[in-house]
Amino acid sequence: MRRSYRFYGDVQGVGFRYRATQAANSLGVTGWVRNETDGTVTMEAQGTEKELRELLRLIQQGRYVEITHMDVEEIGELGGERGFGILNAY
């Protein structure tokens, strides 16, 4: 399954993208994460339900990460994607 997430709160300048990338790669989740100009962070992640739940748990363990709200949407899976990375800001 693949989900699109938008995170609100203290999510930029706190190691969020690095933590997401490390966690996703350790779990075998594919996708990307990116800072947005409005101060939010967008992420697309593809994996099993269990892997995606664990990815969110690991991200939220960040010392300075404080997610106050999150939008989640199921989206179509992508074939052939390898790994998880950071995209440049929109």
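Trainee: How should Glu54, with a relative accessible area of 25%, be classed: as buried, partly exposed or exposed?

Mentor: Glu54 is partly exposed (buried means under 20% relative accessible area, exposed over 50%, and partly exposed in between, with a 1.4 Å probe and protein chains only). Please note that this is a predicted model, in which local features need pLDDT of at least 70 and side-chain atom pairs count only at pLDDT 80 or more, while totals for chains, interfaces and linings use all residues. Residues are numbered from 1 along each chain as its sequence is written, and side-chain values use heavy atoms, leaving out hydrogens and water.

Trainee: Which residue does the side chain of Glu54 meet in a salt bridge?

Mentor: A salt bridge is a side-chain nitrogen of Lys or Arg within 4 Å of a carboxyl oxygen of Asp or Glu. The partner of Glu54 is Arg57, at 2.7 Å from N to O. Arg57 is also partly exposed, with a relative accessible area of 40%. These two residues are about one helical turn apart, because 3 residues separate them in helix α2 (helices, H or I of at least four residues, and strands, E of at least two, are DSSP runs numbered from the N terminus).

Trainee: How many salt bridges does the structure hold?

Mentor: There are 8 in the structure. One of them joins Glu49 to Arg53, with the closest N and O atoms 3.6 Å apart. Glu49 and Arg53 lie 4 residues apart in helix α2, about one turn of the helix. Glu49 is partly exposed at 31%, whereas Arg53 is exposed at 51%. Glu49 and Arg53 also belong to a network of salt bridges with Arg3 and Glu74.

Trainee: Which residue forms a salt bridge with Glu44, and where do the two lie in the chain?

Mentor: Glu44 forms that bridge with Arg2, the closest N and O atoms being 3.0 Å apart. This pair links distant parts of the chain: Glu44 belongs to strand β3 and Arg2 to strand β1, 42 residues apart. Glu44 counts as buried because its relative accessibility is 17%, and Arg2 counts as buried at 1%.

Trainee: How is a sheet to be read, and in what order do the strands stand here?

Mentor: Strands of a sheet pair through backbone hydrogen bonds, either parallel or antiparallel. Here 5 strands form an open sheet with mixed pairing, in the order β4-β1-β3-β2-β5 (two strands pair if DSSP finds at least two bridges between them). At the edges stand β4 (66–75) and β5 (84–86), each pairing on one side only. Strand β1 (residues 2–10) pairs with β4 in the antiparallel sense over 9 bridges. Within this pairing, Met70 in β4 is the bridge partner of Phe7.

Trainee: Which strands does helix α1 touch?

Mentor: Helix α1 (residues 16–27) packs on the sheet and touches β1, β2 (30–35), β3 (41–46), β4 and β5 (contact means heavy atoms within 4.5 Å). Helix α2 (residues 49–60) also packs on the sheet, touching β1, β3 and β4.

Trainee: At what angle do α1 and α2 pack?

Mentor: Two packed helices are described by the angle between their axes and the distance between the axes. For α1 and α2 the angle is about 145 degrees, with the axes 9 Å apart (axes are lines fitted to C-alpha atoms, for helices over the stretch in contact, and angles run from 0 to 180 degrees between N-to-C directions). Among the residues making the contact are Phe16 and Leu27 of α1, and Glu54 and Leu58 of α2.
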